[in-house]
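Colleague: Please take a close look at a single part of this model. Set a point of contrast beside it, if that helps.

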Amino acid sequence: MADKDDVKEGKEFYVDVPAKNEPFFLKGSGALDWGMQNRLARIFNPVSGRTVMLAFDHGYFQGPTTGLERIDVNIRPLAEYADVLMCTRGALRTSIPPSNTKALVLRCSAGQSILTELSNELISVDIEDAIRLNACALTAQIYIGAQYEHQSIANVTKLIDTGMRYGIPTMAVTGVGADMKRDFRYFALATRIAAEIGAHYVKSYYFEPGFEKVVAACPVPIVIAGGKKLPELEALEMAYNAVQAGAAGVDMGRNIFQSDCPLGMIQAVSAVVHKDEKPKQAIKIYEAVKNVTAKN
C-alpha cells in the first residue's frame, strides 16, 4: 500500500497533448478486445505485420513423419528463430520446455488418421486446457467441399465462440483433400467462409494466378502453409511471392524441418517474411548456416 504521509499532488497533466488512440496494426482486428489484440500482437510482429509460424502438429494424424521422429531433438533448436510454435498439447508438454516464451497456436482437432477420411474431425482440446497452456490462438481445419464439411465448420465455430469468451483468437485452416482443385475459386470460397464465421486469421495455400485477389477478398489476415517439401530456393520463392501478394506470413513445417539444414532454412524464411529479403539473397543465409553446421 502506498505511504499516505508523503502524498504529492499531480502537477503535469499535459493538457496541450491530445489523448491518442492508436489503431491496431492487424487487418480486420481493430474492433477486438485488448486481450485478443495482445495475443495477436504476439503472433504477428507489430513492426513487419507478419509472422513465421513453425508447424509441427503433423503427428496428430500422420504419426512420426520424417523430421518429427524426435521433436525434442529436431524442433526444439528451431524455436528460437520462429515467432510462433504451432503444435499439439501432447508435443508441447512432453518436448518443449516451459522456459520457451514463443507464442503458441494450439492444434485443437483430432479424431482421424491418414488411414481414414481426413475431414472427419472433432474438437479434442477443452478451452480450460488451452488456457492452462497459455495458448495465443486455437486452430482447426475447415474442409470445404469434403464429406464432413458441415462438421468441420461446426468445429471451428465452436473454437471461435469459446475462445471469444476468454480473449483467445482462432486460426481456421483451409484443409484441402486430394481431389480438390487448388485454384482461385476454391480458395476464395474457403478463406471467405472462414472469415465470415468469425476466424481471426486464416491459414491457406499460395497458388498462381489470383492469390492476391483471395487476400483482398478475405477481411482477416492470411498466412500460407508450406505444403509439401520443395527445394529450398523454391520454398523461399513461394514465401516471398506470397508476402509480396499480401500474405501476412507463413506457417511452415516440412519445408523447414525436412530441410537438410533446418536451422538455416528457418532463418532464411524469416528474412524473406520480415525483411522482404529476395530469395536469391535469403538462400545465402541458409547456405552459410549449412556450411557452419557441416564444419561442426
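Modeller: A residue is called buried under 20% relative accessible area, exposed over 50%, and partly exposed in between (1.4 Å probe, protein chains only). L115 has 78% relative accessibility and therefore counts as exposed. L115 sits in the loop between β4 (109–110) and β5 (122–123); here helices (H or I, at least four residues) and strands (E, at least two) are DSSP runs, numbered from the N terminus. The model is predicted, with local features needing pLDDT of at least 70 and side-chain atom pairs pLDDT 80 or more, while totals for chains, interfaces and linings use all residues. Residues are numbered from 1 along each chain as its sequence is written, and side-chain values use heavy atoms, without hydrogens or water.

The part chosen for the close look is α11, residues 262–275. From first to last C-alpha, this helix of 14 residues reaches 19 Å, close to the expected 20 Å (1.5 Å times one less than the number of residues). Ten of the 14 residues in α11 are buried, and the helix is mostly covered. G264, M265 and I266 are among the buried residues, as are A268 and the run V269, S270, A271, V272, V273 and H274.

What covers them? The buried residues of α11 pack against two strands, β1 (51–55) and β10 (249–252), and three helices, α9 (232–244), α10 (254–257) and α12 (279–295); contact means heavy atoms within 4.5 Å. Just past the end of α11, D276 adopts a positive phi of about 60°.
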